[in-house]
Amino acid sequence: MGVVRILILLSVLVVVATAASISTFTPNDLSGYGSVVAAAGSLLAVIWFSASLWLQRVQLREQQVQLEEQRLQFTREFSQLQETSRREAILMAKSILDAAEGQAIRQNGTISSISELPSLYLNFVEMKDIMESDDPDVVTRAVQAWIKKDAAATALMKGIKSAAEVYFKAVGVSEIDYTKEPEEFVYIYGPRFWSIPFFGSYEGTATILAQFMINLAPGRKAAFIAQFAATAVGGHAKILKMDKVMDELATHKTMGYPLPRIAVKLYSSFKRSPHSGVT
């Protein structure tokens, strides 16, 4: 309002000055009347044009301030939404982690805490009978004992992977390969989620287990092959898809991994069978 009053005052002054100038004209000076009026009009135009530009700048600044306030408000609301999503994802992840921990303990049946799993898993004494025995009963008992350890470790890895996936997707983390096996996923991406609340308490156990599981991958595969072979050698081949079992044995052998003795025995006998279809 102050600016408007100044503009009005300037305009009045121009008009008054123009009128005063005209009042002093003599009849001989009337020819300059038009020039004075034109000059006054031009001056008024300049004053109000300048005022218009100034008012536009003021309005633009006000609009910029409003837009910045709106942007800040949107940013705050978006940040609050992100934080809410993050908290919800963390709580959901905690629920998944708790369930996985409980499942791992139940799967093994001999431990009361997952912290016992690494030392238990590293003691793979069962592998001796799995790899060296050709007695189906001995192999079956050894595999069952081993599976209790491996199943518990796998349950924990799957749970951690699922919890991390929930969190990563909720907060928009990209470039994550969710097709990786749970133990590989935990080993590779663990450094990206161990600092998140609730994940950190699993870091030591899960990191050690993941590395053991990756290193023992051929032996873990051999244990399942040995179980199939023990079932077949034990007289229950009819319940198995033997062609598929033979493919598994051949693939394992082709990769350069040692076959359990009982699997070698089965493989040899199956190759000799006239109806085996294996050459």
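## Where helices α5 and α6 meet

In this predicted model, the residues M157, K158, I160, K161, A164 and F168 of helix α5 meet P182, E183, F185, V186, R192 and F193 of helix α6. Sorted by class, the contact of α5 with α6 holds eight nonpolar residues, four charged residues and no polar ones.

Two packed helices are described by the angle between their axes and by the distance between those axes. For helix α5, which spans residues 136-171, and α6, the packing angle is about 45 degrees and the axes lie 9 Å apart. Because angles from 35 to 65 degrees fall outside the parallel and perpendicular ranges, α5 and α6 are oblique to each other. The crossing in which α5 passes α6 is left-handed.

## E183 within helix α6

One residue of this contact can be followed further, namely E183, whose place is in helix α6. With a relative accessible area of 9%, E183 is buried, since the cut-off for a buried residue is under 20%. When its neighbours within four places in sequence are left aside, E183 is in contact with M157, A210, M213, I214 and R220. Among these partners, M157 is also one of the α5 residues that meet α6, while A210 and M213 are among the α7 residues that meet α5.

## Where helices α5 and α7 meet

Helix α5 also packs against helix α7, which covers residues 203-215, and the axes of the two come within 10 Å and cross at roughly 120 degrees. That angle makes α5 oblique to α7, and the crossing of these two helices is left-handed.

On the α5 side the residues involved are D150, A153, T154, L156, M157 and I160, and they meet T205, A206, L209, A210 and M213 in α7. By class, this contact of α5 with α7 is made of eight nonpolar, two polar and one charged residues. M157 and I160 of α5, which take part here, are also listed in the contact with α6.

## P136 in helix α5

P136 lies in helix α5, and with a relative accessibility of 19% this residue counts as buried, because the cut-off is under 20%. Not counting residues up to four places away in sequence, P136 touches A230, V233, G234 and I262. For one of these partners, V233, the separation along the chain is 97 residues, yet the C-alpha atoms of P136 and V233 are separated by 6.5 Å.

## The chain as a whole

The chain has ten helices and zero strands, so that, from the N terminus on, its elements run α-α-α-α-α-α-α-α-α-α. Of the 279 residues in the chain, 31% are buried. Among the contacts with a separation of 6 or more, 66% are between residues 24 or more positions apart.

## Confidence in the prediction

The chain averages a pLDDT of 81, and 75% of the residues score at least 70. Among the elements of the chain, the highest mean pLDDT, 96, belongs to helix α6 (residues 182-193), whereas the lowest, 64, belongs to helix α1 (residues 2-23).

Over residues 274-279 the pLDDT stays under 50, and for this stretch the model has seven contacts beyond four places in sequence. Where pLDDT is low, the predicted coordinates should not be read in detail.

Conventions:
Residues are numbered from 1 along each chain as its sequence is written. This is a predicted model: local features need pLDDT of at least 70, side-chain atom pairs count only at pLDDT 80 or more; totals for chains, interfaces and linings use all residues. Side-chain values use heavy atoms; hydrogens and water are left out. pLDDT is the predictor's confidence in each residue, from 0 to 100. Helices (H or I, at least four residues) and strands (E, at least two) are DSSP runs, numbered from the N terminus. Contact means heavy atoms within 4.5 Å. Buried means under 20% relative accessible area, exposed over 50%, partly exposed in between (1.4 Å probe, protein chains only). Axes are lines fitted to C-alpha atoms, for helices over the stretch in contact, and angles run from 0 to 180 degrees between N-to-C directions. Angles under 35 degrees count as roughly parallel, over 145 as roughly antiparallel, 65 to 115 as roughly perpendicular and the rest as oblique. A crossing is left-handed if the near helix is turned anticlockwise from the far one by less than a right angle, and right-handed if clockwise. Ala, Val, Leu, Ile, Met, Phe, Trp, Tyr, Cys and Pro count as nonpolar, Asp, Glu, Lys and Arg as charged, and the others, Gly among them, as polar.
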